[in-house]
Structures are given as structure tokens and as C-alpha cells.
Amino acid sequence: MPSQTRWGIWYLRIYRPHKGPVNPDNFSNEIMKLKDKQQDSINNLAFLWCDEMNIVFQECVFVSEPSSRKGYGENGAALLCQKIANNLNQINGSSCLERHIEVLFSKYGGDRTQQKHLDSIRVINEDLIIGKNVWLLDDITTTGNTLMACKKLLKEAGALEVKCSALCLSQKYI
């Protein structure tokens with residue numbers, strides 16, 4: 001397992017925000033390409049996650065955090081979740097969480113509290129997670145509040161154990 005944890009969330013790298021067309025940090029650039037749903041980035045980051053997490057998996061469900069936008073559909077994190085589940089021959093639960101109330105993006109000054117997410121996200125397709133272990137994935141975590149809210153919702157819906165992982169922790173909160 002990666003040696004880096006914060007708030008009980010495993011993460012692989014540090015995300016370094018950058019203003020301008022290209023971030024000099026290659027990993028942070030890869031994260032931005034994931035957000036744009038670029039297939040090469042999805043493939044590279046799925047391989048990296050599987051390689052660095054180095055976990056022996058019993059049956060589990062891979063679930064991704066939903067977008068801040070209501071009804072947005074599959075974001076880059078959901079596509080990554082699908083790829084990892086497929087690579088590891090596990091259950092794709094990327095459709096298990098949905099944002100039913102749109103919220104302001106946290107990076108634009110939106111509320112960062114856990115309660116905001118508890119009030120605006122719901123579990124759907126519960127049959128995929130009831131009685132199962134879940135890996136909850138996100139691309140970037142800043143405070144961990146979205147992951148913690150989603151973890152709580154999944155547990156309340158019947159998941160056995162929920163482990164949280166983000167590709168990276170924002171440099172802002174190191």
C-alpha cells in the first residue's frame with residue numbers, strides 16, 4: 001500500500017495546482033487530462049493505481065465520487081473507476097453515487113463541509129454495494145470531506161467496509 005495517508009485516505013501523489021496552459025509537474029498534468037476524460041490518461045492512471053496500491057483483492061466494488069454538477073454523468077474519476085475495476089476483475093460501481101443537488105465547485109469558493117455533500121449526494125444502485133467491500137475513488141482530495149461523506153452514505157446503504165483512495169492530495173493542505 002502507498003505510505004501516504006491523510007484523514008484515513010490513501011493517496012499516491014501530491015497535486016500541485018498551476019495557473020497557465022501547462023503545469024510543470026507531469027503527474028498534475030496527467031490529473032488534468034483525466035478531468036478532460038482523455039483515454040491515455042485514464043489508462044496510465046489506472047495502471048499506476050493498481051501498481052502502487054499493490055493489494056490482493058477479494059471481491060469488492062469500485063465506486064467513484066460524483067461530479068459537483070447534478071446529472072453530469074460520467075466524469076474522469078468514474079471512467080478511471082471503471083478501468084480499475086475492469087483491470088482487477090472486480091465490480092464496477094461507478095454508478096452507485098449521484099449528485100442530486102448541484103453544488104458550487106469547492107475550488108471556486110464553494111462550501112467544503114462534509115454536510116454539503118451529505119445533503120447533495122445519494123446512493124443509487126444499492127444492490128451493487130449491499131454486503132460488499134467498497135473502494136471509493138477520487139482524483140484529487142483537498143479536505144477529504146467529500147470522500148468521508150460518500151463513505152458514510154455507502155455504509156448507511158449497506159456496504160461492509162469502505163476504503164478511501166485519491167490519486168492525489170492537493171498541495172494546499174499539506
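The following exchange asks how terms apply to strands S8 and S7 of a predicted model.

Local features here need pLDDT of at least 70, side-chain atom pairs count only at pLDDT 80 or more, and totals for chains, interfaces and linings use all residues. Residues are numbered from 1 along each chain as its sequence is written, and side-chain values use heavy atoms, with hydrogens and water left out.

Student: Why is S8 called a strand?
Tutor: Strands are DSSP runs of E with at least two residues, helices are runs of H or I with at least four, and both are numbered from the N terminus. S8 covers residues 162–170, so the name fits the definition.

Student: What makes S8 mostly covered?
Tutor: Buried means under 20% relative accessible area, exposed over 50%, partly exposed in between (1.4 Å probe, protein chains only). In S8, 8 of the 9 residues are buried.

Student: How do you know that S2 and S8 pair?
Tutor: Pairing requires at least two DSSP bridges between two strands. S2 (residues 9–15) and S8 have 6 bridges, in the parallel sense, so they pair by that definition. Isoleucine 14 has leucine 169 in S8 as its bridge partner.

Student: What joins S7 to S8?
Tutor: S7 (residues 133–141) pairs with S8 in the parallel sense over 7 bridges. Leucine 136 stands opposite cysteine 164 in S8.

Student: Which strand do 5 bridges join to S7?
Tutor: Strand S3 (residues 60–64), running parallel to S7; valine 61 stands opposite valine 134 in S7.
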